[in-house]
Amino acid sequence: MGDLKLVKKFEIGEGFFDRYEKLVKDVVLPYQEKALNDQIEGAEKSHCIENFRMAAKKLKTGQCDGEFYGMVFQDSDVAKWLEGAAYSLAQYPDAELEKRCDGIIELIGEAQQKDGYLNTYFTVKEPEKRWTNLHEAHELYCAGHMIEAAVAYAECTGKSRLLEIMCGMADHIYKHFIEEGAEGYPGHPEIELALMRLYRCTKEEKYKELALHFINVRGEDSDYFTKEKEKRSWTVWGDHPEDKEYAQNAAPVRKQEKAVGHAVRAVYLYTGMADAAMETGDAELAEACKTLWNNITQCRMYVTGAIGSAYEGEAFTKDYHLPNDTAYAETCAAIGLIFFSNKMLYLERNGKYADTIERALYNCVLAGMQLDGTKFFYVNPLEVLPGISGEAQTHKHALPVRPKWFTCACCPPNVARMLSSISEYAWHVIPGALFSNLFISGTLDLNESFGGKITLETAYPYDNKLEYHFVPEKETMSVPLAIRIPAWSRNTKILLNGRPVKYEMKDGYAYLHREFRAKDVVTVELDLSVRKVYTSNKVAANTGKVAVQRGPLIYCIEGVDNENDILSVSLKKDGKITVSEYLPEKLCGIQELYAEGYRETISDELYSFDAPKTEECKVTLVPYYTWGNRGLNQMRVWIPEKR
């Protein structure tokens with residue numbers, strides 16, 4: 001397939017995400033590789049790599065030792081890990097890691113059937129039941145993740161072996177659904193967005209055609225999954241196809257107006273829809289995407305950027321139903337919202353999409369991983385009470401501490417691939433424009449498009465200053481630079497070489513189009529004032545409560561900082577909130593907030609006629625993404641506010 005390797009376009013610099021990129025390289029990827037090989041003592045078993053070994057042996061000898069283990073979509077954990085490793089290799093070449101990845105890829109190839117089909121669950125466990133349970137069995141979902149890994153690995157390393165394998169699988173899927181006319185669409189969307197990536201990588205029109213097919217047929221026959229169930233005598237986990245909202249097939253995608261059902265499935269589907277709309281110019285599909293995105297962010301999203309209110313179905317529920325202590329708020333769902341918002345940002349240049357990417361990234365996604373990179377949250381609640389969270393029947397999903405691994409381990413490798421590909425969201429380079437969406441220190445190579453390089457230096461999110469330095473190939477470089485001005489920054493200054501500069505403000509971006517010289521510096525000073533966040537009265541869980549935000553960071557209170565009792569704490573309505581100096585040794589480097597507040601003491605009786613006694617106190621807040629890193633602990637984002 002020729003030289004697929006992309007020229008490295010972004011080199012991360014010293015700053016907040018530099019630590020995370022190195023953590024992924026040094027800790028997260030090796031740890032997760034061990035988990036996939038069942039080498040983490042005391043962790044849930046994965047068996048992912050072993051499933052591929054068994055499938056390969058069965059295809060070679062007709063039998064295998066042992067049985068398939070894990071979720072029906074277990075293959076996807078390997079795919080996401082490989083994708084994360086690919087992005088890391090682009091930043092930090094590592095011959096040993098690349099060799100191990102190549103070995104896994106060869107094993108994947110050995111597990112592929114002659115007709116291109118690839119799925120260890122069906123190869124090992126249910127060889128006669130391929131393509132008979134689209135609703136539950138995740139064949140297309142697994143294929144989608146492995147396609148994404150194949151594209152990433154080809155573009156980051158130049159090696160096409162996995163791409164060739166997955167083109168074989170994509171060709172098999174095309175033959176089954178297009179040439180042979182098989183009915184159906186994925187129970188768990190993912191293949192749609194993956195096929196769009198495969199199309200762009202290979203330029204094969206049939207992959208785009210297949211992506212559009214799955215988007216267009218979804219919900220046209222809303223009874224498809226019910227009919228499918230009637231034809232088979234087996235089930236994976238007894239899902240009910242009559243619940244059409246769960247799988248987003250109650251109506252054709254262009255007619256859907258509210259984000260419903262399984263949150264991850266929803267945003268993966270919407271990502272594919274937005275990408276297809278951008279590629280084809282389908283105005284009706286684009287409008288549907290805008291409607292769904294607005295419904296999520298205006299009615300169904302937590303302040304942390306988390307989505308999915310309910311444990312039951314890992315799902316969206318109703319507008320303004322955003323409980324804090326029972327929130328599902330899956331890490332994968334926040335990552336999916338970032339994917340969706342990123343495609344919307346390509347579709348429509350509006351800073352609100354990048355604001356949402358930032359909100360979900362800095363809060364929910366980062367909270368999904370321990371600061372040391374070795375433990376992970378699947379669920380990201382906004383309130384935790386040890387003794388109830390993780391224990392009460394209604395709260396068993398809302399764990400108060402991060403486990404080493406999960407039986408359903410979709411989130412950990414998803415975090416790895418998100419963090420190692422952060423530059424894809426930070427910068428958008430399109431014909432005639434350069435968009436700075438997220439403020440990540442590093443150097444972007446623009447020689448092919450704008451004749452030079454641009455370096456962003458910043459200590460964001462704990463410092464308000466962004467400095468853009470220019471390195472033209474020749475005397476000057478003409479860069480139509482658009483810098484996102486976050487909605488939370490009320491007073492923003494933009495300077496060129498220390499002096500105010502003219503710019504056009506449009507839809508959340510400051511546009512500067514000029515010739516830049518080697519010593520030119522564009523400085524943006526954002527307003528990092530602490531701000532209180534209030535919720536609509538329609539959100540019952542937050543009545544009389546307030547959240548605290550500084551820059552992109554949502555803050556929370558933890559018991560360890562507040563006398564191990566956050567339930568008695570409230571914030572003073574007109575009280576001051578001060579910012580600490582930067583504390584490099586605390587929680588890998590943070591700034592705390594100190595708020596004037598109250599502490600109430602009351603009788604230990606369940607009900608009492610005695611009024612509580614109130615005294616003033618100092619309330620300490622830390623960034624939400626750092627919570628749960630100091631042992632079993634109370635935590636709360638939404639805090640009562642009193643005069």
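The legends below describe close-up views of a predicted model.

**View 1. Packing of helix H11 against helix H12.** Helix H11 spans residues 263–280 and helix H12 spans residues 283–299. Their axes lie 9 Å apart and make an angle of about 145°. The crossing of H11 with H12 is left-handed. On the H11 side the contact is made by Val267, Tyr270, Met273, Ala274, Ala276 and Ala277. Facing them in H12 are Leu285, Ala286, Ala288, Cys289, Leu292 and Ile296. By class, this contact holds twelve nonpolar residues, with no polar and no charged ones.

**View 2. Helix H4 and the helices around its buried residues.** H4 covers residues 95–110, 16 residues in number. From first to last C-alpha the helix reaches 23 Å, close to the expected 22 Å at 1.5 Å a residue. At its start, a side-chain oxygen of Asp94 comes to within 3.1 Å of the backbone nitrogen of Glu96. Leu97, Glu98, Cys101, Ile104, Ile105, Leu107, Ile108 and Gly109 are the buried residues of H4. They pack against helices H1 (16–36), H2 (48–61), H3 (75–91), H6 (139–157) and H7 (161–179).

**View 3. Surroundings of Phe439 in the loop between strands S4 and S5.** The flanking strands are S4 (433–436) and S5 (442–445). Phe439 counts as buried because its relative accessibility is 2%, under the cut-off of 20%. Apart from neighbours within four places in sequence, Phe439 contacts Glu358, Tyr362, Leu456, Thr458, Tyr460, Leu466, Tyr468, Ile483, Arg484, Pro486 and Leu526. Phe439 and Ala459 are separated by 20 residues in sequence and by 9.1 Å in space, C-alpha to C-alpha.

**View 4. The cis peptide bond from Tyr460 to Pro461.** Omega of this bond is near 10°. Pro461 belongs to the loop between strand S6 (452–458) and strand S7 (465–472). Tyr460 is also among the contacts of Phe439. Most peptide bonds are trans.

**View 5. Gln248, a residue other than glycine with positive phi.** The phi value is near 55°. Gln248 sits in the loop between helix H10 (224–231) and H11. With a relative accessibility of 1%, Gln248 is therefore classed as buried.

**View 6. Glu563, a residue other than glycine with positive phi.** Here phi is near 60°. Glu563 is placed in the loop between strand S16 (553–558) and strand S17 (569–572). Glu563 is exposed because its relative accessible area, 63%, is over the cut-off of 50%. Most residues other than glycine have a negative phi.

Technical notes: Residues are numbered from 1 along each chain as its sequence is written. This is a predicted model: local features need pLDDT of at least 70, side-chain atom pairs count only at pLDDT 80 or more; totals for chains, interfaces and linings use all residues. Side-chain values use heavy atoms; hydrogens and water are left out. Axes are lines fitted to C-alpha atoms, for helices over the stretch in contact, and angles run from 0 to 180 degrees between N-to-C directions. Helices (H or I, at least four residues) and strands (E, at least two) are DSSP runs, numbered from the N terminus. A crossing is left-handed if the near helix is turned anticlockwise from the far one by less than a right angle, and right-handed if clockwise. Contact means heavy atoms within 4.5 Å. Ala, Val, Leu, Ile, Met, Phe, Trp, Tyr, Cys and Pro count as nonpolar, Asp, Glu, Lys and Arg as charged, and the others, Gly among them, as polar. The expected span of a helix is 1.5 Å times one less than its number of residues. Buried means under 20% relative accessible area, exposed over 50%, partly exposed in between (1.4 Å probe, protein chains only). A polar contact is a pair of N or O atoms within 3.5 Å; within protein, one must be able to donate a hydrogen and the other to accept it, and residues adjacent in sequence count only if both atoms are side-chain atoms.
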